[in-house]
Amino acid sequence: TLEKVNEHGEFQSGTMAEAGESYAIDSFGRIFGITRKAMINDDLGAFTDLSRRLGQAATAFEAQFLVNLLIANAGLGPVMSDTKKLFDAAHGNIAATPIDWTAGSPPELYGLDTARLAMRKQTGPGGGLIDVTPKFVMVPAELETIGEKILSSIQATVVSDVNPFDRLTLVVEPRLTDAHRWYVVGDPAQIDGLEFAYLAGAPGPQIETKVGFEVDGIQLKVRLDYGGGFIDHRGWYTNAGH
């Protein structure tokens, strides 16, 4: 926090509190072989766009990598530097009462108000309020339709019909394995959360080819230097939904 400057104009020294989260990148890859006969008989052009297809496969791998972090430890996320899991009562980012959206609760009972309040009340490492602004609601594919209904805009004619959550953006992640658990995520422009990174100078999958000599055909090697991790728990909130 800031302190008053005294009449002599003397400024007091302070320190910046920082979290201790970190992660590393690893190398991932595969080698694919294509025989000369297969290329000759490739009437449908299945191998002509291999770079695009390998790029799509790498994108899917990256997304699954991040989802695996999120759903680790039975949905509570990875263990943070304070030895507590990402979602923990001590972090103030997990619902005490599971709200099942499929139960047909009225909008005020969907739990979004509780999630928003919890994020607004988050405090930083130094103890001060940081007022996290919810921006996204992330759901599994099973909750897509009901999520759209909950967040849809309403042209209300009376105040009681206004939807206070229509400014939140729905994100559907079919890789989530729990059909009931949902998340609220803060604005990444405001607060750090889940982060990923590539090796400097090698963003995305790196593809190399090698022509066979003893065996007719080519080999393709795909390498991805990639990593990710949660560097702050305050921008994420979850409700088990059961």
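A polar contact is a pair of N or O atoms within 3.5 Å, one able to donate a hydrogen and the other to accept it. Such contacts recur below, around R234. The model described here is predicted.

The chain holds five helices and eight strands. Read from the N terminus, the elements follow the order β-α-α-α-α-β-α-β-β-β-β-β-β. Of the 242 residues, 31% are buried. The exposed surface of the chain amounts to about 15100 Å². Carbon and sulfur atoms supply 54% of that surface. Contacts between residues at least 6 apart in sequence were also examined; 73% of them join residues at least 24 apart.

Four strands form an open sheet in the order β3-β2-β4-β8. The pairing in this sheet is mixed. Strands β3 (169–172) and β8 (236–239) stand at the edges. Each has a single partner strand, so one side of each lacks a neighbour in the sheet. On average, neighbouring strands of this sheet are turned by 25° against each other, direction ignored. Strand β2, residues 134–139, runs parallel to β3 and is joined to it by four bridges. Within this pair, V137 of β2 stands opposite L170 in β3. Strands of a sheet pair through backbone hydrogen bonds, either parallel or antiparallel.

Two helices contact this sheet. Helix α4, residues 112–120, packs on the sheet and touches β2, β4 (182–186) and β8. The direction of α4 makes about 35° with that of β4. Helix α5, residues 144–151, lies across β2 and β3. The angle between α5 and β3 is about 175°.

The buried residues of α4 are L112, A115 and M119. These residues cover an arc of only 60° around the axis, which puts them on the same side of α4. An α-helix has 3.6 residues a turn, so residues three or four places apart point the same way. The partners of this buried side are β2, α5, β4 and β8. M119 also belongs to the contacts of R234, discussed below.

A second set of pairings centres on β7. This strand spans residues 217–230. Of its 14 residues, 10 are buried, and β7 is thus mostly covered. Strand β1, residues 26–35, pairs with β7 in the antiparallel sense over 10 bridges. Here I34 has I218 as its bridge partner in β7. Strand β5, residues 194–198, is antiparallel to β7 and joined to it by five bridges. F196 stands opposite G228 in β7. Strand β6, residues 206–211, also runs antiparallel to β7, with six bridges between them. The bridge partner of I207 in β7 is V222. In a regular strand the side chains alternate between the two faces of the sheet.

The loop between β7 and β8 contains R234. With a relative accessibility of 10%, R234 falls under the 20% limit and therefore counts as buried. Two polar contacts involve its side chain. A polar atom of the R234 side chain lies 2.7 Å from the backbone oxygen of T123. The side chains of R234 and D232 are joined by a polar contact of 2.8 Å. Neighbours within four places in sequence aside, R234 is in contact with M119, Q122, T123, G124, P125, I130, V132 and I191.

H233 lies in the same loop, between β7 and β8. Its relative accessible area is 11%, and H233 is buried. Residues up to four places away in sequence not counted, H233 touches M80, L86, H91 and N93.

H91 is found in another loop, between α3 (72–75) and α4. H91 is buried as well, at 5% relative accessibility. Neighbours within four places in sequence aside, H91 is in contact with M80, D82, K84, K85, L86, Q122 and H233. M80 and L86 thus appear among the contacts of both H91 and H233. Q122 is likewise listed for both H91 and R234. H91 and R234 are 143 residues apart in sequence. In space, their C-alpha atoms are 7.3 Å apart.

Technical notes: Residues are numbered from 1 along each chain as its sequence is written. This is a predicted model: local features need pLDDT of at least 70, side-chain atom pairs count only at pLDDT 80 or more; totals for chains, interfaces and linings use all residues. Side-chain values use heavy atoms; hydrogens and water are left out. Two strands pair if DSSP finds at least two bridges between them. Axes are lines fitted to C-alpha atoms, for helices over the stretch in contact, and angles run from 0 to 180 degrees between N-to-C directions. Contact means heavy atoms within 4.5 Å. Buried means under 20% relative accessible area, exposed over 50%, partly exposed in between (1.4 Å probe, protein chains only). Accessible areas come from the Shrake-Rupley method with a 1.4 Å probe; for residues, only the protein chains shown count as cover. The arc is that of the directions from the helix axis to the C-beta atoms.
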